[in-house]
Every structure is written in structure tokens, then in C-alpha cells.
Amino acid sequence: MSQALPILDLSWANDPKTRPQLLRQLHAALFDVGFLNVVNHGVPPKTIDNVTDLLPSLFALPSEKKASLSKLNSAHFLGYSGFAEETTLGKQDLREQFDYATELPEVWQGPNENVVDERFSSNESKSSGQVNGNDSSSTRNFNQLYWRLRGPNQWPDERTLPGFRKALSDYHDEVEALSYRFVHLIEEAFEIPVGTFDHFFGRQSHTTTKTTNGDTLPCRTYLPPQHRIKLLRYPPSPADSQTAGQGVGAHKDSSGWLTFLYQVGNEEGLEVLSSSDKWIRAKPIPNSFVVNFGNAFEAATEGAVKATIHRVIAPGPKSNVRYSIPFFMGLPLDMTVSEVRQYIPEKVRSLRNQAEGGDAVSSFLDPRWDSLGESQLRKWIRSHREVGEKWYGKEGVAYYTQEE
Ligand SMILES: O=C(O)CCC(=O)C(=O)O
Ligand SMILES: [Fe+2]
């Protein structure tokens with residue numbers, strides 16, 4: 001990997017003369033780097049500014065107001081987490097955050113507040129391979145615990161932060177539209193029919209689709225998934241700090257299919273691990289989004305496209321506050337990674353052998369976590385154990401945090 005991330009100009013997609021070159025660049029970025037910048041992406045600057053202008057006021061709300069929006073109130077892990085409440089690699093992340101998502105109602109139909117999933121009360125692991133998405137779409141089972149992840153946001157009231165809800169909702173809608181446009185470009189770069197993945201997002205116009213071994217399958221219908229947005233604030237380190245702090249520790253994104261990250265202003269901090277194990281700085285580029293791929297994408301392509309490891313170094317004592325906004329494109333909770341894999345051509349998957357360090361195998365290989373809902377629930381419980389304990393019980397936390 002060279003020392004800078006590639007920059008793709010998405011307006012090249014609009015001209016038949018430049019489109020092939022854009023697709024070649026995308027192909028290279030997908031398979032070589034797994035991290036890229038996009039410019040001329042079509043998200044209006046005003047839509048972005050309307051959110052970023054409000055971030056200082058949002059985080060400056062009185063602490064009791066922020067506490068009233070705590071994630072502890074939410075079985076969906078949506079809301080506020082205070083400074084350094086989250087940990088990565090066993091170390092505190094020196095940031096404060098609000099989690100939002102596509103505004104959707106609850107669907108989970110569990111028996112009551114204190115439900116104990118039958119799996120947790122049994123010694124033998126009944127769940128292996130059983131919680132998956134291969135059931136017919138007509139029998140969607142809203143008793144599955146992972147459906148409890150889906151649900152509404154916690155908004156500050158309009159008088160407290162006028163215009164915030166509208167600004168963030170507009171931002172969500174524009175970045176969602178960008179994500180769908182971008183997935184169509186990926187399909188082209190993979191040389192599969194444009195729209196192959198549409199049914200993952202509840203957007204299918206067709207009722208059948210071809211899998212990569214040539215079979216024609218009926219498209220399962222899915223509920224449109226919930227995308228997630230984090231609003232992040234990284235304060236400068238204390239004046240006496242000797243070493244660079246951990247803004248967020250090294251990780252792969254586990255929340256979604258693709259991530260579209262907006263870095264606000266000029267504050268640096270994001271670093272990406274290259275295939276030669278060197279940290280590359282991903283400096284903010286004005287009016288751009290950083291795009292990278294989540295664990296599920298890596299697993300679906302059997303590691304041909306990597307969920308590249310990245311981290312954020314906390315701003316130094318003389319820096320300004322750094323804000324950033326990752327948008328994690330969701331996938332249906334009742335889908336499995338094996339199912340997604342059917343739509344990825346063998347010629348794409350086979351590229352993993354050529355990619356350096358092609359050991360892309362992730363926890364999805366364990367049949368329990370092949371289900372995206374299960375792997376998402378596990379991820380959220382692991383990073384917010386108190387919220388997990390409150391809504392999923394001690395047994396739930398024990399189940400989802402057990403070591404392999
Ligand atoms: O703040 C950033 O630039 C990146 C944050 C990030 O990687 C994450 O929250 O997953
Ligand atoms: Fe990340």
C-alpha cells in the first residue's frame with residue numbers, strides 16, 4: 001500500500017468516458033487497500049454542515065441532559081455514552097459519543113421485559129447453526145432476541161437543540177443514498193449485475209436473482225435494515241500527557257457492510273494499518289468521505305476485500321477537539337454471512353489467495369455468529385456490557401462474551 005489512501009472522484013461515474021477508469025480504481029482500492037476517500041459523492045455540503053455545526057452544542061449540553069439520553073435507556077444500544085466509557089483491546093477509548101440509527105419502530109416480540117432466552121438456561125449450546133436466516137421470509141421470527149436491537153432513537157427535545165433531529169435525519173438520508181449508489185459501483189467492479197445486493201436493503205425490483213453458481217433463486221425479502229451513525233468527540237489530551245492517547249483502539253468495523261466516515265475539520269488522528277503493517281495517516285480531505293469495509297463484507301468475500309484495521313490517536317494537548325461521524329451501512333439481522341456469500345462471484349472470492357495476508361477468516365466461521373443479528377448483538381453487548389446486562393440479563397452477557 002502506498003503511503004496515502006486513494007481518492008476516487010465519484011462524479012466520474014456520470015460520464016461514459018471516465019466511468020471505466022473509476023471502476024478500475026475502485027477495483028484496485030477494494031482488493032489492495034480496503035480503505036479509500038471519495039469526493040464529489042453527491043451529499044450536499046449544506047446537509048453535512050447542518051449537522052457538523054450543531055456538534056459542539058450537542059456535546060456541550062448539560063451533563064444531566066446527556067445522561068437522560070444514556071444508552072442505558074435503550075435495548076437498541078442507541079443514545080449517549082460518556083467520555084471513555086467504551087473500551088477497545090481492554091483500554092479506554094478517549095472519546096464521547098452519541099449513537100443514532102435509521103428511525104424505525106420496535107419489532108421484537110419477546111415475552112416480557114425479563115426474558116431469558118432459552119439458550120442461556122441450557123448447558124449445551126442449542127444455538128449452533130440454529131439461529132440463521134435461511135428460513136423462508138414469510139415466517140420471519142420476531143421472537144429472536146437479536147430483533148431487540150432494532151428500535152427508535154433517543155432525541156434531545158427540539159427546544160434543547162433546535163433543528164438537530166431534522167439535520168441528522170437529512171444527513172442519514174443523503175448518506176444512505178450515497179451508500180446505495182456506491183454498492184452499485186461495487187457490483188460493477190465485481191462484474192455482477194447491478195442491483196444484485198438491492199434486496200439486502202429492501203430495495204429489490206426483481207423477484208429472482210442469479211447466484212454465482214448459475215442457479216436462479218427467489219430473492220428473499222428483508223425488512224430494510226437499520227443503518228447506524230455515531231457522532232464522536234475526541235477532546236485534546238491533558239497538558240501533562242506524555243504519550244499519545246487512544247482515541248479508539250485498533251479495530252475492524254463490525255457494525256455493518258460498509259462504513260462512510262466524515263472527518264470534521266482538519267484535526268488528524270485516523271490511522272489505517274497497511275498490508276506491510278505500517279500505520280498510514282488518513283488525513284482529512286475537505287468534502288470527502290472515507291470508505292471502508294466491515295467484517296461482514298470481509299467474510300462474504302472470504303477475505304478478498306479486507307475489513308482493514310484502523311485506529312484513532314487522541315488529539316495532542318495543543319490540538320483542537322476532533323469530531324467525526326461514521327455511518328455504518330446496516331444489513332438485515334435475519335440474514336447470514338453464508339447467504340451473502342452466494343451472491344459474491346467465485347472470481348472475486350478467489351482473489352483472496354493473491355491478497356497479502358489472506359487470512360480473512362473471522363468469527364463468522366463459527367456457526368453461531370454466521371447470523372448477522374447474532375453477531376451484531378454480540379458486538380454491542382461486548383462493547384457496552386452495562387447496557388447488555390440491563391436489557392439482556394447476566395445470562396445474555398455471559399453467553400455473548402464467552403471466549404471461543
Ligand atoms: O473517528 C474516526 O475517525 C474513526 C472512528 C472509527 O473508526 C469507529 O468508530 O469505528
Ligand atoms: Fe472504525
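User: The expected span of a helix is 1.5 Å times one less than its number of residues. What distance does helix α11 (residues 385-401) span between its end C-alpha atoms?
Analyst: The model is predicted. A straight helix of 17 residues would span 24 Å at 1.5 Å a residue. Between its end C-alpha atoms, however, α11 spans only 9 Å.

User: At which residue does α11 bend?
Analyst: The span of α11 is only 9 Å, where a straight helix of 17 residues would span 24 Å. The helix also has a bend of about 125 degrees. The residue at which α11 bends is tyrosine 392.

User: Which helix is included in what covers the buried residues of α11?
Analyst: The buried residues of α11 are Val387, Gly388, Trp391, Tyr392, Gly396, Val397, Tyr399 and Tyr400. Tyr392 in this list is also the residue at which α11 bends. What covers the buried residues includes α10 (372-383).

User: How far does α10 reach from its first C-alpha to its last?
Analyst: Helix α10 has 12 residues, for which 16 Å is expected at 1.5 Å a residue. The reach of α10 is close to that expectation. From first C-alpha to last, the value is 17 Å.

User: How many of the residues of α10 are buried?
Analyst: The buried residues of α10 include Leu372, Leu377, Trp380 and Ile381. Among the elements covering them are α6 (295-300), α7 (337-341), α9 (367-370) and α11. The helix is largely enclosed by the rest of the structure, because the buried residues number 9 of the 12.

User: In what order do the strands of the open sheet lie?
Analyst: The sheet has 8 strands, and their pairing is mixed. Its edge strands are β1 (7-9) and β3 (79-81), each of which pairs on one side only. From one strand to the next, the twist averages 25 degrees. The order is β1-β2-β14-β11-β16-β9-β6-β3.

User: Which residue in β6 stands opposite serine 81?
Analyst: Strand β3 runs antiparallel to strand β6 (residues 96-101), and 3 bridges join the two. Opposite serine 81 in this pairing stands glutamine 97.

User: In β14, which residue is the bridge partner of threonine 259?
Analyst: Strand β11 (residues 258-263) is joined by 4 bridges to strand β14 (residues 289-293), and the two run antiparallel. The partner of threonine 259 in β14 is asparagine 292.

User: Which residue in β16 is the bridge partner of glutamine 263?
Analyst: Strand β11 also pairs with strand β16 (residues 322-328), in the antiparallel sense, over 5 bridges. The partner of glutamine 263 in β16 is serine 324.

User: Are the two faces of β11 covered or exposed?
Analyst: In a regular strand the side chains alternate between the two faces of the sheet. On one side of β11, Leu258, Phe260 and Tyr262 are buried, and on the other, Thr259, Leu261 and Gln263 are buried. With 6 of its 6 residues buried, the strand is mostly covered. Both faces of β11 are therefore covered.

User: At roughly what angle do the axes of helix α1 (residues 19-33) and α5 cross?
Analyst: Leu23, Leu26, His27 and Leu30 in α1 meet Leu185, Ile186, Glu188 and Ala189 in α5. The axes of the two helices come within 9 Å and cross at roughly 90 degrees. Angles of 65 to 115 degrees count as roughly perpendicular, so α1 is roughly perpendicular to α5. The crossing angle is roughly 90 degrees.

Conventions: Residues numbered from 1 in each chain as written. Chains lettered and ligands numbered in written order. Predicted model: local features only at pLDDT ≥ 70, side-chain atom pairs only at ≥ 80, totals over all residues. Buried ≥ 20, exposed ≤ 12 C-beta atoms within 10 Å, placed from the backbone. Pairing = 2+ DSSP bridges. Bend = angle between axes of the 7 residues up to and from the residue. Contact = placed C-beta atoms within 7 Å. Axes fitted to C-alpha atoms, helices over the stretch in contact; angles between N-to-C directions. Parallel < 35°, antiparallel > 145°, perpendicular 65-115°, else oblique.
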